[in-house]
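Here is a short briefing on one protein chain. Keep the sequence and the 3D view side by side as you read.

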Amino acid sequence: MKKEVAILTGNEAIALGALEAGVRFASAYPGTPSTEILENIAESGSIYCQWSVNEKVALEVASGASIAGKRAIVAMKHVGLNVASDPFMTLAYTGVNGGLVIISADDPGMHSSQNEQDNRYYAKMAKVPLLEPADSQECKDFLIKAFEVSEKFDIPVLLRTTTRISHSGSVVRKGKTGKQKTDRIYKKDPAKYVMIPAFARSRHRILLQKYEKLKEFSDKTDINRIIDSKDGKSSCGIGIITGGVCFQYASEAFRNYPILKLGMTNPLPFNLIRDFLSDKSLIIVVEELEPFIEEQIKACFTGCRVIGKSFFPDYGELNVEILDNLNDFISSTGIKNSPGELTLKNIEDRIKEFKEENSCLTEEKYKTEIKNSVKKTIPPRPPVLCAGCTHRPVFHILKKLKVIVMGDIGCYTLSVLPPLSSLDSCLCMGAGVGQALGVEKANEDYKNKVVSVIGDSTFFHSGITSLIDNVFNKGTGLVIILDNRATAMTGHQTNPGIGKTLMGEDTHTILPEEIAKAIGVKNIRITDPYDVRLLEKIIKEELKRKELSVIICRRECALINKTENPGKFYIDDSVCKKCGMCIRTGCPAIGFENDKYFINRTVCTGCGVCSQICPWDSIKRNNDIS
């Protein structure tokens, strides 16, 4: 009987794997490229799942589910593991009861991130097994395998994907879903789960013993395997070692070389690698970002030339074109046909020659070429706040007042771009509120001239603690909470301020103003950002205060309820002075053509912000459009 197949993204396949693995608990904080994992699990309705306020909390509640005997999964983007690193490192000591798998969705190339750290090092530092799928099928299969490894070795497992794996689709063979694995029985065991120093010392030794057994497992598991060359001929002493999405690129570019495909990259299968190296003179390690695999192989083996980052940049994504150029180079320079000549000097000479001659080696140049070719057919579309965005009037006013604006992670980070050009900083989740306090403390001249902005979800994630710090240390700045009633940037997920759980159940609504009041903020104002004149008046008043203030700009994201349409607007040419003030708001609904400003009615949401900003009253409501 044939198994049912479907084309799924890596995130969808992980969700399917959770169903087939008998997962009973799932948690996450939304973050691209990992967000869809929890959304797809929630759609099944058969696994309890929740958005947590941040990744640290998400991992902590998942570990509780594991201790209780249930298989648990927690998902986050790569920088989220920084937030969760505290419980992560100690969970390696305590181990698990029900299997516990942590998804780290890394983002080489920084498609939607503030950095491109390589989280494979977290696995090595914590001595936690690391699996890296190369397509959607492996996303599902490796997740199931990860739970088996977790329970066999009593340890959490890190499953690392990258953006290309998370969001690309490929064929997946479905298995049996709905099968619930029998829960494990919880037994009280303080020496295992309570990490006071006396117990932790013992657990560290146990972890080291587990790690030795994991090395043996990595050598024997079939998720690490050697794939012969497509033509079946001799590779002339050259081999490829790779894993994750880079396997896809390498298998296409290096068809005529044997490949050691690593699905488990921590700990590395050193005996298997030794066997692979035994008849080769040159090994090319193909991996993105850091030389994680290359450095370990070089440290252990000296009888074979191992190269990788000599050819590839240690930033950004790889692709088939870059590897094709290397393959062509190997064929054209005779390395492939002269394995006996592979001395260190002639390899280094040829690498230098390759770098000088091959323009596509440098990724920046390659990307520039791609961009230039795209520009010929597609007009530029820079990222911009949406039409009707509730954040736009806030940043228009802050720019007008020429204050320092310490920002945060969210849609509103786009206000750093022209024409709003408002933000002065954006470091990480929750950092802006603390940075504003630092600026104020460092220089008295900046008092009453510094504002921090933070979204509602980011406030719950990490902003609360920074606000407490401001209160405790007598900060006098202005904190603006941009409450658009959603975790908007990642796709309108719920958060503690919404009153709904991920499962769609009603729950207690936690409002930022209640938290601010509870921790001691005396000056709290709540306003509608669409009322531009009132908002500007409030901001000016709070900036003059000698003590900390919080303004909550509350208005639902324009994309949530598209039926809310109080009326669309048009520009009256007979009144318009062509000052350009309207287009400086950056609203994509406003354009300029044939020496006239106009409003695109199919894009306009009818927020009316532009009509309040226009100094000539030339933007008017069209009462004929409902």
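**Surface patches**

Strand β8, residues 169-173, is home to Val171. This residue is a good place to start, because the surface is the part you see at once when you open the view of a model, and this one is a predicted model.

- Val171 joins Val5 and Ile7 in a nonpolar surface patch of about 300 Å².
- A patch of negative charge also sits on the surface, made by Glu252, Glu321, Asp324 and Asp328.
- Which helix gives the most to the negative patch? Helix α14, residues 320-333, does, with three residues.
- Asp324 lies in helix α14. Asp324 has a relative accessible area of 30%, so it is partly exposed.**Two buried residues**

Asn11 and Thr390 each have contacts with residues further along the chain.

- Asn11 is found in helix α1, residues 10-20.
- Is Asn11 buried or exposed? Its relative accessible area is 1%, so Asn11 is buried.
- Setting aside neighbours within four places in sequence, Asn11 is in contact with Pro33, Ser34, Glu36, Ile37, Ser166 and His167.
- Asn11 and Asn40 are 29 residues apart in sequence. From C-alpha to C-alpha, Asn11 and Asn40 are 8.1 Å apart in space.
- Thr390 sits in the loop between α16 (363-375) and α17 (392-401).
- Thr390 counts as buried because its relative accessibility is 5%, and the cut-off for buried is under 20%.
- Which residues does Thr390 touch, not counting those up to four places away in sequence? They are Asn484, Pro529, Tyr530, Arg555 and Glu556.
- Thr390 and Glu556 are 166 residues apart in sequence, yet 7.5 Å apart in space, C-alpha to C-alpha.

**Backbone points to check**

Most residues other than glycine have a negative phi, and most peptide bonds are trans. Look at these four places with that in mind.

- The peptide bond from Thr32 to Pro33 is cis, and its omega is near 15°.
- Pro33 lies in the loop between β2 (25-28) and α2 (36-44). Pro33 is also one of the contacts of Asn11.
- The peptide bond from Asn266 to Pro267 is cis too, with omega near -10°.
- Pro267 is in the loop between β12 (264-266) and α12 (270-277).
- Lys402 has a positive phi, near 55°, and is not a glycine. Look for Lys402 in the loop between α17 and β15 (404-406).
- With a relative accessible area of 76%, Lys402 is exposed.
- Lys578 has a positive phi as well, near 60°. Its place is the loop between β20 (568-571) and β21 (590-593).
- Lys578 is partly exposed, as its relative accessible area is 40%.

**Salt bridges**

How many salt bridges does a search of the whole structure find? The search finds 33. Three pairs and one network follow.

- Lys400 forms a salt bridge with Glu536, and their closest N and O atoms are 3.0 Å apart.
- Lys400 lies in helix α17 and Glu536 in helix α21 (residues 532-543), so this pair ties together parts that are 136 residues apart in sequence.
- Lys400 is exposed, at 53% relative accessible area, whereas Glu536 counts as buried, at 12%.
- Glu541 and Arg525 meet through their side chains in a salt bridge, 3.1 Å from N to O.
- That pair links distant parts of the chain: Glu541 is in helix α21 and Arg525 in strand β18 (residues 523-527), 16 residues apart.
- Glu541 is partly exposed, with a relative accessible area of 31%. Arg525 counts as partly exposed, at 23%.
- Lys596 forms a salt bridge with Asp573, with the closest N and O atoms 3.8 Å apart.
- Here too the pair links distant parts of the chain, 23 residues apart: Lys596 is in strand β22 (residues 596-599), and Asp573 is in the loop between β20 and β21.
- Lys596 is partly exposed, at 43% relative accessible area. Asp573 is partly exposed, at 40%.
- Asp106, Asp118, Arg120, Glu132, Arg160 and Glu287 are linked in a network of salt bridges.

Key
Residues numbered from 1 in each chain as written. Predicted model: local features only at pLDDT ≥ 70, side-chain atom pairs only at ≥ 80, totals over all residues. Heavy atoms only, no water. Helix = DSSP H or I, 4+ residues; strand = E, 2+ residues; numbered from the N terminus. Buried < 20%, exposed > 50% of the residue type's maximum accessible area, 1.4 Å probe, protein only. Contact = heavy atoms within 4.5 Å. Patch = residues over 30% accessible without salt bridge, like charges linked within 9 Å, V, L, I, M, F, W, Y side chains within 5 Å. Areas by Shrake-Rupley, 256 points an atom, 1.4 Å probe, with all protein chains shown as cover. Salt bridge = Lys/Arg side-chain N within 4 Å of Asp/Glu carboxyl O. Lys, Arg positive; Asp, Glu negative; His and termini not counted. Charge placed at Lys NZ, Arg CZ, Asp CG, Glu CD.
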